[in-house]
Amino acid sequence: MMPQEEARKLDRFIQLLLANATVFVSGEKLAEALKVSRMTICNWVHHLQKQEMVIEIKPKIGYRLTQVPDLLLPQLIRRELRTKVLGKSLYHYFQVESTNDVAHQLAQQGVAEGGLIVAEEQTQGRGRLGRDWYSERRVGIYLSLILRPILKPRHATIINLAAAVAVSQAIESTCSLSTDIKWPNDVLVNNKKCSGILTEMSADLDQIKYMIVGIGINVNHQSFPKSLQGRASSLFLEGGRRFSRIEIILALLRCFEDLYLELQKQGNDAILERWIRRSSFARGKEVSVDLGDKKIHGTTIGLGKEGTLRVKLSGGQIEDIMSGDVVIWDSVK
Ligand code: BTN
């Protein structure tokens with residue numbers, strides 16, 4: 001993996017190539033502008049050619065970019081970005097271990113609220129409850145957002161739910177597919193998981209310092225490893241065609257920003273209502289929930305004020321679940 005500083009310079013290099021896409025730019029000029037050696041420029045060109053960017057090389061004259069593949073380049077995202085905060089600072093990587101890890105580093109370095117990290121591939125994508133997240137190159141969306149909400153740590157679940165509503169809205173509006181949300185934040189299409197969210201935070205006892213909302217969406221995956229088959233799917237597999245990752249990201253940022261602002265102005269209720277409207281798991285679903293130390297079985301009866309899942313057990317007691325793995329009861333029988 002490339003160190004962060006070099007990845008930033010590589011991004012500026014692409015920006016220069018894109019800005020000069022019709023002409024040849026000399027290696028010397030590029031090297032000077034980016035304060036790197038001509039050898040580095042030459043290495044970057046080969047690196048980008050491996051990513052299927054078509055760059056013409058004319059000895060003694062320079063380089064010209066003639067074709068850009070489907071990449072999540074900041075220059076392409078920024079052109080259509082209509083948000084005020086989310087994505088205003090944008091970091092693109094070809095390969096990272098996990099965008100959440102990069103986001104933690106950037107947040108600790110002081111990157112402001114709304115910072116967005118996107119990657120074409122993750123080598124150690126992380127999921128909830130210690131699982132891995134399958135992150136195949138260039139077919140999925142792997143992104144993390146840095147948020148700095150003025151919230152107590154115990155109230156953070158609502159951000160999770162807001163993110164799931166935003167993913168669900170973004171998929172429905174850009175792909176015309178119906179979605180469901182499995183508590184807290186798995187987005188399903190045809191009952192198969194197409195998106196997951198891993199929210200992490202750094203906090204003092206009574207104040208969140210920053211939150212990282214890591215979102216993975218399986219967009220154009222054509223297949224999955226055996227271990228995921230039957231459970232995971234992609235928008236391509238469910239919708240029967242390829243979708244633009246950039247369009248989905250743009251819609252997601254817009255929806256999430258609206259919900260995040262609404263949350264700050266009006267509190268939790270509006271988010272809870274929207275989540276409930278979008279989820280068949282909210283009420284009347286017979287589920288089994290793995291709480292880590294025990295498993296419970298009951299019927300969902302709505303959400304608590306902070307976004308907890310309320311489950312009525314067969315004996316009549318009500319459990320307010322803050323964290324756990326929910327499975328439809330039918331599928332465990
Ligand atoms: C889940 O288990 O459902 C959550 C999956 C979250 C995956 C995303 S991909 C971008 C970000 N970086 C990670 O390592 N994980 C999250």
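**Exercise 1. Polar contacts of the ligand**

Find how far a nitrogen atom of the ligand is from an N or O atom in the side chain of Thr-99 in this predicted model.

*Solution.* Step 1: take the side chain of Thr-99; one of its N or O atoms is 3.1 Å from a nitrogen atom of the ligand. Step 2: compare this with the cut-off for a polar contact, a pair of N or O atoms within 3.5 Å. Step 3: apply the search to the side chain of Gln-122, where an N or O atom is 2.9 Å from a ligand nitrogen. Step 4: turn to the backbone of Arg-128, which places an N or O atom 2.6 Å from an oxygen atom of the ligand. Step 5: consider the cover; on its own the ligand has 420 Å² of accessible area, and the protein covers 99% of this.

**Exercise 2. The shell around the ligand**

Determine which elements give two or more residues to the shell around the ligand, and which element gives the most.

*Solution.* Step 1: locate the site; the ligand takes up the space of the largest pocket. Step 2: list the elements with two or more residues in the shell, namely α5 (99-108), β5 (140-147), β8 (192-203) and β9 (208-218). Step 3: rank them; β8 gives the most, with four residues. Step 4: pick out the nearest of the 20 residues around the ligand, which are Ser-98, Gln-122, Arg-126, Arg-128 and Lys-193.

**Exercise 3. The length of helix α6**

Check whether the span of α6 (residues 157-175) agrees with its number of residues.

*Solution.* Step 1: the helix has 19 residues, and at 1.5 Å a residue the expected span is 27 Å, because the rise is multiplied by one less than the number of residues. Step 2: the end C-alpha atoms of α6 are 27 Å apart, which agrees. Step 3: examine the cover of α6; 17 of its 19 residues are buried. Step 4: look just past the helix, where Ser-176 has a positive phi of about 50 degrees.

**Exercise 4. Two loop residues**

Decide whether Asn-268 and Glu-120 are buried or exposed.

*Solution.* Step 1: place Asn-268 in the loop between α8 (245-266) and α9 (269-278). Step 2: its relative accessible area is 18%, and the cut-off for buried is under 20%, so Asn-268 is buried. Step 3: relate Asn-268 to α6 through Ala-162; the two residues are 106 apart in sequence, and their C-alpha atoms are 9.4 Å apart. Step 4: place Glu-120 in the loop between β4 (116-119) and β5. Step 5: Glu-120 has 0% relative accessibility and therefore counts as buried. Step 6: identify a partner; the side chains of Glu-120 and His-92 form a polar contact of 2.7 Å.

Conventions. Residues are numbered from 1 along each chain as its sequence is written. This is a predicted model: local features need pLDDT of at least 70, side-chain atom pairs count only at pLDDT 80 or more; totals for chains, interfaces and linings use all residues. Side-chain values use heavy atoms; hydrogens and water are left out. Buried means under 20% relative accessible area, exposed over 50%, partly exposed in between (1.4 Å probe, protein chains only). A residue is near a molecule or strand if one of its heavy atoms lies within 4 Å of it. A polar contact is a pair of N or O atoms within 3.5 Å; within protein, one must be able to donate a hydrogen and the other to accept it, and residues adjacent in sequence count only if both atoms are side-chain atoms. Accessible areas come from the Shrake-Rupley method with a 1.4 Å probe; for residues, only the protein chains shown count as cover. On a 1 Å grid over the protein atoms alone, a cavity is a set of points where a 1.4 Å probe fits but cannot get out, and a pocket is an open set with protein on both sides within 12 Å along at least five of seven lines; lining residues have an atom within 4 Å of a point. A molecule sits in a cavity or pocket if more than half of its atoms lie within 2 Å of its grid points.
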